[in-house]
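This report introduces a protein model to a reader who has not met it before. It begins with the chain as a whole and then turns to selected helices, loops and single residues.

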Amino acid sequence: MRRYIGYREFVQRDQRSLVGTALLLTGSHEQAIRLALRSFHTVALSWPPPVWENPTTHAQIALYRRFLARPSAAGPTALVRLPPRQRLLVVACLHDGRSRAEMASVLGLPEKTVEAEITEAVDTLTKGNETRLVNRMATAAGEASVPDLSARSMRTLRRRRNRGALLAVAAALVPVGLIAAFVMLQRAEVWNSALGERNRPHAAQVQEPVRAVSSPAPSATPAPWQAPRTSSVIRYAIPGRCPGQGVQADGTSPARAGDVTCAGWTLKLVSSGSENSAPGLPPCEGTDPCESTLSVPDAAQRLARGDGEEHPRLVPAISHDGRRIAYLSAAERRYVAHDLGSGVKRYLSPVLASADTENGTLVSVSSNGRHFTVTLGERRLRTDFTTGDLTSVPAEQLPPTEKVAAWLGKRYGTWADSPSGRYSAAIVAGKGEDPHSLHVIDAESRRVFRRLPLPETERPATAEVVSWLDTREVVVRMSARDGGEPLGLFRVDAVTGRARPLPGLPADAPIVLGAAVTP
């Protein structure tokens, strides 16, 4: 339980105020304590919090959302007779001190609507006397009977840890079943039963409209890639060279909408030993650590839009530990994921039709490397790599950064989301003599929490965000302002602004980071 150092003290410090808020919302001590415990558990799921996140604010907002999801009212007080949303706005803004603008962002409402509902509630309860209502709520919340919730909260975390241990034991037994499956299934393919498909060779599949245009040689469609079983991890991936855009490799006709017009990514692998553990891997390029280069020829780079143009570059998703990679397979016309340690392959989507790629498509991976999410238009399909279960993700369950993606694109153009899905990082161009700066944005409130200077270089430079290295550091690429000569990649602490070079990585090409920092 070392991860939860400080969590007990946090619960003991905030339990009275949180239960008081819940009591005002529900009118019942029992329901208030239950609501507070669930809110504390929500905070515990991401404990310890990032340095810039206030766990008290996180707990309060979690409580608001849980209340709205299942509003309840008990007792004879006037407050609980208000409609749930109006009741929540009054308590949050007049008792907890949340601003109207913040609650408008949390609930997805216009700020004028929030102000109008609060005004109406105050008129209903105290005939417009806001101070009187504030005093009433403070008195009622102060009368809350609050037991010590820290012990109950810690028991919940221990039960969660024990369930995790049982799942780990179950996962350890999975390779036994996989060995039997590898013997029975052709080419060691693990089919995702959630997609409703039978175990059958790729040649027997019905062809869909989406196709791969040969690249770079005519009629040389790449074969499905099979990941080697190796203890090496992916440090980074860079794209191969694409000849031409929007036309077939033989130049005879334009590519159709949804066609893969270019494929091929190169992986840089690294291991702690002096030799690779998988036969067939290229020899080491160094002694310690052992580095090698591996090609994934069927990983798609470009999708045609059908008007002679192409969608933005497709990039693979690589887990932060560098052990798993997912991409759109040009050979199989669907998203796939591979685990380098076990050789297991998962299908993350059905075979794509042209309509699935009309607005582009992408794949992402969770911070722990277990869940992969594929975006196909308005659909989002999430696959648990461990179990193979595939589910559709409703819009309300999207992380905050995805919910405000349109706003981020309009304001910043290019950005990168943090592993938690709550924060984004983007470069803001300076005006005149003002230098560029790095903004760290809280997607829930759309507020800029940090404005950080970029790394100092010998020449005037521009910058772009590459990705988040971990939950705290952002990787930026610096280029000379006159001519665009690459000046290197830097890791910037999103809290302090401290910048350090990130050596050993190519700065002159698009890059997707995996285990970029290795021991």
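Helices and strands are here DSSP runs, of at least four residues for a helix and at least two for a strand, numbered from the N terminus. The model is a predicted one. On these terms, the place of Pro 48 is in the loop between α2 and α3.

**The chain as a whole**

The protein chain contains ten helices and 20 strands. Of its 519 residues, 47% are buried. Among contacts between residues at least 6 apart in sequence, 59% join residues at least 24 apart.

**Helices α1 and α7**

Helix α1 (residues 7-26) packs with helix α7 (residues 130-142) at an angle of about 115°, and their axes are 8 Å apart. The crossing in which α1 passes α7 is right-handed. On the α1 side, the residues that meet α7 are Arg 16, Gly 20, Leu 23 and Leu 24; their counterparts in α7 are Met 137, Ala 140, Ala 141 and Gly 142. By class, this contact has five nonpolar, two polar and one charged residues.

**Helix α2 and the loop after it**

Helix α2 covers residues 29-44, and its 16 residues reach 22 Å from the first C-alpha to the last, close to the 22 Å expected at 1.5 Å a residue. At its start, a side-chain oxygen of Ser 28 comes to within 3.4 Å of the backbone nitrogen of Glu 30. The buried residues of α2 are Ala 32, Ile 33, Leu 35, Ala 36, Leu 37, Ser 39, Phe 40, Val 43 and Ala 44. An α-helix has 3.6 residues a turn, so residues three or four places apart point the same way.

In the loop between α2 and α3, which holds Pro 48, the peptide bond from Trp 47 to Pro 48 is cis, with omega near 0°. Most peptide bonds are trans.

**Helices α4 and α5**

Helix α4 (residues 84-95) has twelve residues and reaches 16 Å between its first and last C-alpha, close to the 16 Å expected at 1.5 Å a residue. Why can α4 be called largely enclosed by the rest of the structure? Nine of its twelve residues are buried, so the description applies to α4. The buried residues are Gln 86, Arg 87, Leu 88, Leu 89, Val 90, Val 91, Ala 92, Cys 93 and Leu 94. They pack against α1, α3 (55-69), α5 (100-107), α6 (111-126) and α7.

In α5, Glu 102, Met 103, Ala 104 and Val 106 are buried. The buried residues of α5 pack against α3, α4 and α6.

**Residues with positive phi**

A glycine with positive phi follows each of these two helices: Gly 97 comes after α4, and Gly 108 comes just after α5. Positive phi is also found at Arg 333 and at Arg 446. Most residues other than glycine have a negative phi. The table lists the four values.

| Residue | Place | Phi |
|---|---|---|
| Gly 97 | after α4 | near 85° |
| Gly 108 | just after α5 | about 70° |
| Arg 333 | loop between β5 and β6 (334-339) | near 60° |
| Arg 446 | loop between β14 (437-442) and β15 (447-453) | near 60° |

Are the two arginines buried or partly exposed? Arg 333 has 6% relative accessibility and therefore counts as buried, the cut-off being under 20%. Arg 446, at 39%, counts as partly exposed.

**Ser 329 and the end of β5**

Ser 329 is in strand β5 (residues 324-329). With a relative accessible area of 0%, Ser 329 is buried. A polar atom of its side chain lies 3.1 Å from the backbone nitrogen of Glu 332. Leaving aside neighbours within four places in sequence, Ser 329 is in contact with Asp 298, Arg 334 and Val 336.

**Ala 516, after β20**

Ala 516 is in the segment after β20 (512-513). Its relative accessibility is 2%, so Ala 516 counts as buried. Which residues does Ala 516 contact, leaving aside its neighbours within four places in sequence? They are Arg 235, Leu 469 and Leu 505. The C-alpha atoms of Ala 516 and Tyr 236 are separated by 6.3 Å, although the two residues are 280 residues apart along the chain.

Definitions and conventions
Residues are numbered from 1 along each chain as its sequence is written. This is a predicted model: local features need pLDDT of at least 70, side-chain atom pairs count only at pLDDT 80 or more; totals for chains, interfaces and linings use all residues. Side-chain values use heavy atoms; hydrogens and water are left out. Axes are lines fitted to C-alpha atoms, for helices over the stretch in contact, and angles run from 0 to 180 degrees between N-to-C directions. A crossing is left-handed if the near helix is turned anticlockwise from the far one by less than a right angle, and right-handed if clockwise. Contact means heavy atoms within 4.5 Å. Ala, Val, Leu, Ile, Met, Phe, Trp, Tyr, Cys and Pro count as nonpolar, Asp, Glu, Lys and Arg as charged, and the others, Gly among them, as polar. Buried means under 20% relative accessible area, exposed over 50%, partly exposed in between (1.4 Å probe, protein chains only). A polar contact is a pair of N or O atoms within 3.5 Å; within protein, one must be able to donate a hydrogen and the other to accept it, and residues adjacent in sequence count only if both atoms are side-chain atoms. The expected span of a helix is 1.5 Å times one less than its number of residues.
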